[in-house]
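Biologist: I'm still getting used to reading structures. Please take a close look at the aromatic rings for me, one step at a time.

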Amino acid sequence: MARQRSAKPCTAVRIRSEPLHPSNNEIYRTFEGFFMIRILVDSIFLYLSLLGWSTWWFFGKNKKICLSFTNAVLILGLLGTLAFVTSLFLPLKESPLLIIFSIGILGNLYILKGKNFLECIKNEGIILIVGLVVSSIFASFAPYILDHFGYYIPTIRIFRDLGTPMGLANLHLVYAQGSWWHYIQAALMYSEEKMIYFQALLYALFFTEHIRDKNYALLVVSVPVLLFIQSPSPDFGGLLIALHLVNNYIKKSEFSLEDLGLGVIMLLIKPTFFWAIPLLLLGINYKNNKLFIIKSAILVMAGIGFFIGKNLWSFGYPVFPISYPEIPLDYSPNKIVLENSKIFGELKTYDMRFSLSEINNWNFFGKLYHWLRIPGIKGVINVVTCLGIFLSMAGIFKSKNKKVKLILFVLLVKVCIVLITSAQYRFILDFLLIITFLLLHNYNKIRYLKIIYWGVLGCFLLFFMFPSSVQKYVPSFRIGNMMQGFSINQIIAPTVYKNPDFHKLRCKDYKFNIPVNYPFVFATPAPALSLNMVRTYLSIGYFPKIVKNERLSFPRCYIINEPLDSHEKKNLTEFLSTFQVVPESNSD
């Protein structure tokens, strides 16, 4: 680590509110929703760019050049890797978005020399347009997942404004998750919060490929993934890739390096999708093709290396959020913060309905009983998960298809790990969707599956357009309270969120932006801390210290925890006393 600079005496000073747009002193627009026409236009430009990248991918090979879902994900995964490496040296605000699109345009010039491109457009253009319209309609609704405001957007802002500082977890623990999905989002943003277009394009490519193959069983189970399309959620990318990969695994006689690349990208997007790599490795024929085995080993080791390296850099431990094994790094997160995060995870497992002492007094069966008895939609998902586990166990013993057995086995191992560590429903959605797909896969009535797909899609659209009816009959679906329903304006004009002013807090020789009486920091310039985080740091007696070095130094920026002295504690207490207490909201 670079040597620390000498700091001036730390003080906490309340600064006058400064709006993001200084010319407007009223409540200002800081977040624009994603309206349909802009998503369509942006998606078309991105499609042409990725198509050009795909040209370089197959340069010199005698293949018809079309942008498939697999190619798009692999190219975006490569861009995510380049974005991560760049962020170690530079903020991604300076990322070469123009270069990314320029390379794609050059590739398109090569495509136009042949007839393959016109054949692709002729054969798949109409289906792709229909898919873009479908995905753009869903993406045009205002984001409602609370993690969008408390985690996704703040993380992307950090990557764009600061890059990836060493010890990022010391600013806020959740930022250290560092999903590849957010690096891709940060690299592809051409202005604030305009990033959902690439998710709309991915679903359109998924739609095109499986409509063409008449794989309506897979399309049916893909509809719930659209619940995440309005936000830069790693779950959206991870679930969509997982469904596509499982379908490829069943359909193909042997998997390719491209499939293994999808598995590696899933791990980098979210560690709960780790099961894809062992699934593919278990399917390798180790008696043949030693060169393929060597390439596979290199690819997997590179992916795991990036995963562990990213976590060590940002979090101080190999796997987020597990604080083991102990590594003597002076930028590791504070032990109290780690313990609080662990406790919060246990409480979230039971929907925050029981105290930690109550949970610790239960044996295994008591914990299982209360987990299944959680009221509302989460309890229903938990019961369905248990049914899925029994179906998986039965399928492992009764299925004659070796591939299906392997899929059920790795998913069962994954679910058991999740149930032992943090049994939250969002960590097992891939298990439920894939089990449903396997049940529908052998259903040969394509005509009825087609009707079911469009029927389910229509029901989900009605749910987004009229969320109040769901809120009325399913009150336990709390995030539904954030849904705004349909407005004709979202077709041509953005949905607008407003946020309060922010104050500047100077502490540890650095200025932090603090939103006024508001629990989220999504619209506050980085580095931003919520009032509740400031209270937490005051209570544990430590505060993050951001150190920036010269532009070409490495690391360019790092964050450590420093103890607060009595004078700093007093100033922070006085600063906080001027604000009301704003409770943190649950992420789901």
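Modeller: Here is a walk through the aromatic rings and their neighbours. Keep in mind that this is a predicted model, where local features need pLDDT of at least 70 and side-chain atom pairs count only at pLDDT 80 or more, while totals for chains, interfaces and linings use all residues. Residues are numbered from 1 along each chain as its sequence is written, and side-chain values use heavy atoms, with hydrogens and water left out.

In total, the structure holds 24 aromatic pairs (rings of Phe, Tyr and Trp, the last by its six-membered ring, with centres within 6.5 Å). Take Tyr350 and Phe354: their ring centres are 6.4 Å apart and their planes meet at 85°, so this pair is edge-to-face (planes over 60 degrees apart; under 30 is stacked and the rest are tilted). Tyr350 is buried, at 7% relative accessibility, whereas its partner Phe354 is partly exposed at 24% (buried is under 20% relative accessible area, exposed over 50%, partly exposed in between, using a 1.4 Å probe and protein chains only).

Now hop over to Phe364 and Phe365, another edge-to-face pair, with 5.3 Å from centre to centre and 80° between the planes. Both Phe364 and Phe365 are exposed.

Rings can also join up in a bigger group: Phe84, Phe159, Trp180, Tyr183 and Phe306 are linked into a cluster by ring pairs.

Finally, a ring can have a charge for company: Lys403 lies over the face of Tyr249, 5.6 Å from the ring centre (NZ of Lys or CZ of Arg must be within 6 Å of the centre and within 35 degrees of the ring normal).
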